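Hi everyone, thanks for making time for this. I'd like to walk you through one structure today, so let me put it up on the screen.

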Amino acid sequence: MKLHQTCTTDQAAPSFDHEWQRRAFGLALALSEFGHYPWSEFQQSLIDAIGAWDASTGSERPDWQYYDHWVAALEKVVAQRGLLAEAAGS
């Protein structure tokens, strides 16, 4: 798999345990490649999501799941950029 040149993740072999992880990865990458946000913005959002998990303690801290943080970061960037319109009639 050849990733976009600005993607600094493991370009040789990203690995996924579940199909939804592959899709989340692809969606984040595609939205960046199509110019909806710079990859660095997504990276910072991911850093922030992991930092928030790291700062949580005790029962507030869920088990470590990398792609849960990935999805949280993607949701944040998509919301901040207004990439999803609210459903009509909501």
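I'll go through the charged pairs, then the aromatic rings, then one serine, the core and a loop residue.

Before anything else, please keep in mind that this is a predicted model.

Let's begin with the charges. How many salt bridges does a search of the whole structure find? There are five, and I'll take you through some of them.

Start in helix α1, which covers residues 19-33. Here E19 forms a salt bridge with R22, and their closest N and O atoms are 3.6 Å apart. The two residues sit three apart in the helix, about one turn. Are they buried or exposed? Neither, quite: E19 is partly exposed with a relative accessible area of 43%, and R22 is also partly exposed, at 41%. This pair has company, too, since E19, R22 and R23 are linked in a network of salt bridges.

Now for a pair that reaches between helices. The side chains of R81 and E41 meet in a salt bridge, with N and O 2.4 Å apart. R81 lies in helix α3 (residues 66-81) and E41 in helix α2 (residues 39-55), so this pair ties together parts that are 40 residues apart in sequence. R81 has a relative accessibility of 39% and counts as partly exposed. E41 is partly exposed as well, with a value of 21%. The cut-off for buried is under 20%, so E41, at 21%, falls in the partly exposed class.

Another bridge runs between α2 and α3. D48 forms a salt bridge with K76, the closest N and O atoms being 3.6 Å apart. D48 belongs to helix α2 and K76 to helix α3, so to speak two distant parts of the chain, 28 residues apart, linked by this pair. D48 is partly exposed, at 36% relative accessible area, and K76 is partly exposed with a value of 36%.

On to the rings. How many aromatic pairs does the count come to? Eleven. Take Y66 and Y67 as an example: their ring centres are 5.0 Å apart and their planes stand at 80°, so the pair is edge-to-face. Y66 is partly exposed at 29% relative accessibility, whereas Y67 is buried at 11%.

Y67 also pairs with W70. Here the ring centres are 5.6 Å apart and the planes are at 50°, so this pair is tilted. Y67 and W70 are three residues apart in helix α3, and that puts about one helical turn between them. Both residues are buried.

If you step back from single pairs, which residues do the ring pairs link into a cluster? They are F16, F25, W39, F42, W53, W64, Y66, Y67 and W70. One of these rings also has a charged neighbour: R61 lies over the face of W53, at 4.1 Å from the ring centre.

Next, a residue I'd like you to find on the screen: S45, in helix α2. Its relative accessibility is 4%, which counts as buried. What does the S45 side chain reach? The backbone oxygen of A73, at 3.0 Å. Leaving aside residues up to four places away in sequence, S45 touches A73, K76 and V77. You have met K76 already, as the salt-bridge partner of D48.

That brings us to the core. The largest nonpolar core has 16 residues, and those with the most contacts inside it are F25, A28, Y37, W39, F42, W70 and L74. Helices α1, α2 and α3 each supply at least two residues of this core. Which helix gives the largest share? That is α3, with six residues. Some of these names should sound familiar from the ring cluster, including F25, W39, F42 and W70.

Last stop, the loop between α2 and α3, where Q65 lies. Q65 is partly exposed, with a relative accessible area of 41%. How far apart are Q65 and I50 in sequence and in space? They are 15 residues apart in sequence, and their C-alpha atoms are 9.8 Å apart in space.

If you take one picture away, let it be α2 and α3: E41 with R81, D48 with K76, and S45 reaching the backbone of A73. Thanks for listening, and I'm happy to rotate the model for anyone who would like another look.

Methods
Residues numbered from 1 in each chain as written. Predicted model: local features only at pLDDT ≥ 70, side-chain atom pairs only at ≥ 80, totals over all residues. Heavy atoms only, no water. Salt bridge = Lys/Arg side-chain N within 4 Å of Asp/Glu carboxyl O. Helix = DSSP H or I, 4+ residues; strand = E, 2+ residues; numbered from the N terminus. Buried < 20%, exposed > 50% of the residue type's maximum accessible area, 1.4 Å probe, protein only. Phe/Tyr/Trp six-rings, centres within 6.5 Å; stacked < 30°, edge-to-face > 60°. Lys NZ or Arg CZ within 6 Å of the ring centre and 35° of its normal. Polar contact = N/O pair within 3.5 Å; in protein donor to acceptor, adjacent residues only side chain to side chain. Contact = heavy atoms within 4.5 Å. Core = buried A, V, L, I, M, F, W, Y, C linked by side-chain atoms within 4.5 Å.
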